[in-house]
Amino acid sequence: MTDDDKARLYRQIVQSTDDETVLERMRLLGFWPVDQEVPHDPPQEVAERQRIKDEIDRLCAQRSPVKDVDAALAAERKRRWEESKQRRAQRKQQRERERRQRRVAWEVVRHASIVHTGAGVSAGLQHTASDVAKLQARGLPVMHTGADLAGLLGIELKVLRWLTYHRRSATLVHYHRYSIAKKTGGVRYISAPKPALKRAQQWVLDTILAKLEPEQSAHGFIKARSVRTNALPHVNRALVINLDLKDFFPSVTFRRVKGLFHKLGYSEHVATVLALLVTEPPRLATAFDGKMYHVALGQRVLPQGACTSPALTNALCRRLDRRLKGLADRHGFTYTRYADDLTFSGERAAAVGKLLRSVRSILENEGFTEHQRKTKVMRRSRRQEVTGVTVNTRPTVSRQEVRELRAILHNVAKYGLESQNRNQHPDFAAYLRGRVDFVCMVDPPRAPALRQALTRALQHPGQADPAD
């Protein structure tokens, strides 16, 4: 350690230690006699120091504007308090301005886009980037947001919000609900969209869903395909197996429909809005406090009655159709599907059990359930029917139905339309034309005679030859 370092250390020690401690250490180390006190300052030095202090106090008092220290401190505290209040008021005003600005900006965003679609169905609305190349490759309209969709639909964004907002309980819904009796017994519940929603769904069907190519095995609700094309592959087979899917449309949930639109290339925002347009939860109408409420009984599903539901099931069942066709090919069977009716036909009776077990496993894996009471295995020795078409030797309708239709046409010609309108059809003539057209489509050889009978019945109802 150098002398400078020692001197520096000494000064630090002396400055940081009181006089008594320094004196004690000096005595201990022998630098100061133990019995000798520290000498007092010379009187002249003490007097001079006091004089200097008094002069400094006089000058400070002379130059200081403060005469009353307590009053000055009180005034200073008051001044600081006022400044603090002013700063707080300014910060409050600034926060309020910022809140107003955020509120205005939020209103702009809220009116220009869809930011919430209801509890449980609003996830992903912040993602608005669609895959343009993917959409253009499929020939689909490019949309990124709900505002884009509203523009293409030709409606205001607020109307689109109204059509798609999900409520667990609502006093107004966008569907007419009614029930019809099934031929096989029971009741089928129909949800028919009201005009505004129906127009939007028709646009989705024509512009998007109609451009999706279904599997060759699918025949329901597809242009140029029918119950006849569905039945033709199964004509003249040793075995025909029919299976029916239970709750077909209600098995297709909002989440699956949204996933389909997203997979096509649409942003999660657009996929959500499109899925809301074409799904609806089953609801129960109930009165409370003088008002009628429609309460959701479950999650949103495809409604039976919307024009988009069949096309969506065809698109969502593509993997199911491919898997079932592959299974049928492995066992030497033919497979087709018409909506929720699955048909297999072939010659190998020994393979039926294994085929059905595999079919049920695939259906469960794809989220569908077999209606086991409606499963039929029909051999050649009995009437084999596929979606209402007899297929034993050629596509045709049952003899009983043809006889019944001929009898009705004969009686209409003889006694008039109302004599045969036992179910009170609002347009019985159109109903008869539909039945005749169906038989002629399924079994063309019967067409000439049936059309002639229909013409005779509708041209001269109730004026047939008395000799008939």
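The questions and answers below cover a pocket, two helix contacts and a sheet in a predicted model.

Residues are numbered from 1 along each chain as its sequence is written, and side-chain values use heavy atoms, with hydrogens and water left out. As the model is predicted, local features need pLDDT of at least 70 and side-chain atom pairs count only at pLDDT 80 or more, while totals for chains, interfaces and linings use all residues.

Me: Which helix gives the most to the lining of the second largest pocket?
Reply: A pocket is an open set of points on a 1 Å grid over the protein atoms alone, where a 1.4 Å probe fits, with protein on both sides within 12 Å along at least five of seven lines; lining residues have an atom within 4 Å of a point. H10 (254–264), H12 (308–316) and H13 (318–330) each supply at least two lining residues; helices are DSSP runs of H or I with at least four residues, numbered from the N terminus. With six residues, the helix that gives the most is H10.

Me: How many charged residues does the lining of the second largest pocket have?
Reply: Asp, Glu, Lys and Arg count as charged, Ala, Val, Leu, Ile, Met, Phe, Trp, Tyr, Cys and Pro as nonpolar, and the others, Gly among them, as polar. The lining has five nonpolar and two polar residues, and the number of charged ones is 10.

Me: How are H10 and H12 oriented, roughly perpendicular or roughly parallel?
Reply: Axes are lines fitted to C-alpha atoms, for helices over the stretch in contact, and angles run from 0 to 180 degrees between N-to-C directions. Angles under 35 degrees count as roughly parallel, over 145 as roughly antiparallel, 65 to 115 as roughly perpendicular and the rest as oblique. The two axes come within 11 Å and cross at roughly 70°. H10 is therefore, relative to H12, roughly perpendicular.

Me: Which residues of H12 make the contact with H10?
Reply: Contact means heavy atoms within 4.5 Å. H10 contributes Arg256, Val257, Leu260 and Phe261, and H12 contributes Leu312, Ala315 and Leu316.

Me: Which strands are the edge strands of the open sheet?
Reply: Strands are DSSP runs of E with at least two residues, and two of them pair if DSSP finds at least two bridges between them. The sheet has the order E1-E6-E5 with antiparallel pairing. Pairing on one side only, the edge strands are E1 (169–170) and E5 (283–288).
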